[in-house]
Amino acid sequence: MSANLQNKAKARAGTTESPWVRYTLITVALLFVLLFLVLPLAAVFTEALRKGFGAYFAALKEPDAWSAIELTLIAAAIAVPLNLVFGVSAAWAIAKYEFRGKSFLTTLVDLPFSVSPVVAGLMYVLVFGAQGWFGPWLAANDLKVIFAVPGIVLATVFVTFPFIARELIPLMQAQGSDEEQAAIVLGATGWQTFWHVTLPNIKWGLLYGVILTNARAMGEFGAVSVVSGHIRGQTNTLPLHVEILYNEYQSVAAFAVASLLALLALVTLLIKSVAEWRAEQEQKAAADLPPERPLLVPSPSGRGPG
Amino acid sequence: MTAATLSAAPLAAAPVRRASKKVLPGFGLTLGYTLFYLSIIVLIPLSALLFKTFSLTWEQFVTAVSSPRVMASYRLTFGASLFAALFNLVFGLLLAWVLVRYKFPGKKIVDALVDLPFALPTAVAGISLTAILAGNGWIGQYLEPLGIKLAFTPAGVVIALIFIGLPFVVRTVQPVLEDAEKELEEAATSLGATRLQIFTRVILPHITPALLTGFAMAFARAIGEYGSVIFIAGNMPMISEITPLIIIGKLEQYDYAGATAVAVVMLVISFVLLLVINGLQAWQRRNAGAPA
């Protein structure tokens, strides 16, 4: 084993460090990961199970927990598809064409990423709140946005706004538009080109964008906290429910609900890893194809039923 | 269906002059929808924020954003964010380096775990870090007897922000390191450079734009962070109260104008940081293109 390592070290002489430097760096990096990533994750499950499985499941069976789960699912089910359509559309416009103000538009798309979630919540309060622009009109028509479900959905949409677009823009820019242009020249319509040429090329990046958006949508705290009003059983999402339980010193219950969100995070990471691995495999498979520039002219009709 | 006909329109209009560029349909549709959605979700609500500040006189605005309690919160927010981003700059580079250059067992799992702070809800991270660092927690119980208190102090804020910003530097530096040409390093070695010289003179200049981009992103994210921090900070006015919490506090007292004034200050800073990040990314693209 050590002989093998030494051989490798010789073969790559000059482009790697001496073994003790390598091992020190690896050890420090792993310690960092252990302290800052593994411990917090492990603590969630340990604290949740501190009083055994009975207390754990009892906390999850609470009706308030259920209504929080329901609201979280509703918010994500609306926010993710909305941002999916936007993300694909923005990536198509930005990656496939040249136009004036493109970089400014990209900056604007990124903006929600750097706006504090609290500021995001506040601006919806100013638009839809009782004293806001549409407040009187909404009140007159007996509609509620702030301290109600629509506000929570809006805040969720805002904080997860850029993720899919950010994932797709560099991917689509790197791929260029040769394949799409070939498809169009061969007579495909715009939609056919998108479904049969673009989508297969971006599907793994798109999948990652969607699951990341979903994880952030279900886990958003700051923005939702401002617009929700914290009405138990009505406008509490899972993260807000965690906060209430925690502030009431119901530690086991808080961590039990939190463990659901931690599981969601783990599933998200798992899907992401699988998607990356599959994308790599496909790239390798494409590189192994005989022609020098494989798949240069994909024929839309040859890609399965239309 | 109407969308399909719309998307076909630019195709018909395209033919002669810039056929190679404009042959793809859908420009009007996708750009139009992008601008529409952007306006509804982002631009119009943001403008509400700006209009609300105009309801204040200049003196009122200045008083609202520079009272001692607010100033203390800026110091904490920016200081802790800067410290956390610097920490992530060093350890993010280390982690990216180890993940790209070395082989070790469990590497795939570590690589996947790096994204945990993106995927784990901030409130969960907040209560979990607090549980670890509190006096009876896994780490807190050993630090407390030594007189080191992390939970419910500004140091706790820094730790939460390190967690939040951890993936940025790793994920911006990793691809650049992967693409770096080993030939340059081999050439430098054959010319007699030591490993350290190669790192500072060959590798570091190549990855500097990516490093700074990751640093700026971690910093920007940390400034706005709320969920993970409020659990661990203790939230004492003047000591461990972050700026987003000031906004919440003013909102709870129905001081909408005051909350908005502080929010506008934060917004301007976010926007400046975003422009800096974009500039850094452009530099990175040029840098990546140059040596090839």
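Q: Why is Glu225(B) called buried?
A: In this predicted model, Glu225(B) has a relative accessibility of 3%. Buried means under 20%, so Glu225(B) counts as buried.

Q: What makes the pair of Glu225(B) and Arg221(B) a salt bridge?
A: The closest N and O atoms of Glu225(B) and Arg221(B) are 2.7 Å apart. The rule asks for a side-chain nitrogen of Lys or Arg within 4 Å of a carboxyl oxygen of Asp or Glu, so the pair qualifies.

Q: Is Arg221(B) buried or exposed, and how do you know?
A: Arg221(B) has a relative accessible area of 8%. The limit for buried is under 20%, so Arg221(B) is buried.

Q: What makes Glu17(A) and Arg195(B) a salt bridge?
A: Their closest N and O atoms are 2.7 Å apart, and the cut-off is 4 Å. The pair crosses between chains, from Glu17(A) in the loop between helix 1 (2-11) and helix 2 (19-48) of chain A to Arg195(B) in helix 12 (residues 195-224) of chain B. Across the interface of chain B and chain A the rule finds two salt bridges, while the structure holds 14 over all chains.

Q: Why does Glu17(A) count as buried?
A: The relative accessibility of Glu17(A) is 13%. Set against the limit of under 20%, this value makes Glu17(A) buried.

Q: How do you know that Lys102(A) and Glu98(A) form a salt bridge?
A: The N to O distance between their side chains is 3.4 Å, and the rule accepts pairs within 4 Å. Lys102(A) has a relative accessible area of 14% and is therefore buried.

Q: Which residues are linked in a network of salt bridges?
A: Lys272(A), Glu276(A), Asp111(B), Asp115(B) and Arg171(B) are linked in such a network.

Q: Why is helix 8 of chain A called largely enclosed?
A: Helix 8 covers residues 149-159, and nine of its 11 residues are buried, so the rest of the structure largely encloses it. Among the buried residues are Ile152(A), Leu154(A) and Phe158(A).

Q: Why is Ser225(A) called buried?
A: Ser225(A) has 9% relative accessibility and therefore counts as buried, the limit being under 20%. It sits in helix 12 (residues 222-228) of chain A. Not counting residues up to four places away in sequence, Ser225(A) touches His230(A), Leu240(A) and Tyr226(B).

Q: Why is Leu50(B) called partly exposed?
A: The relative accessible area of Leu50(B) is 41%. Partly exposed lies between the limits of 20% and 50%, so the term applies to Leu50(B). This residue lies in helix 3 (residues 27-53) of chain B.

Q: Which residues make the nonpolar surface patch of about 650 Å²?
A: Trp133(A), Phe134(A), Ile44(B), Leu50(B), Phe51(B) and Phe54(B) make this patch. Membership requires over 30% relative accessible area, and Leu50(B) has 41%.

Q: What is the area buried between chain B and chain A?
A: About 8600 Å² is buried between the two chains, and carbon and sulfur atoms give 79% of it. The interface brings 97 residues of chain B into contact with 96 residues of chain A.

Q: How does the radius of gyration of chain B compare with that of a compact globule?
A: Chain B has 24 Å, whereas a compact globule of 292 residues would have a radius near 19 Å. Its C-alpha atoms fill a box of roughly 70 × 60 × 35 Å along the principal axes.

Notes. Residues numbered from 1 in each chain as written. Chains lettered and ligands numbered in written order. Predicted model: local features only at pLDDT ≥ 70, side-chain atom pairs only at ≥ 80, totals over all residues. Heavy atoms only, no water. Patch = residues over 30% accessible without salt bridge, like charges linked within 9 Å, V, L, I, M, F, W, Y side chains within 5 Å. Areas by Shrake-Rupley, 256 points an atom, 1.4 Å probe, with all protein chains shown as cover. Helix = DSSP H or I, 4+ residues; strand = E, 2+ residues; numbered from the N terminus. Buried < 20%, exposed > 50% of the residue type's maximum accessible area, 1.4 Å probe, protein only. Rg over C-alpha atoms; globule rule 2.2 N^0.38 Å. Contact = heavy atoms within 4.5 Å. Buried area = accessible area lost by both parts, 1.4 Å probe.
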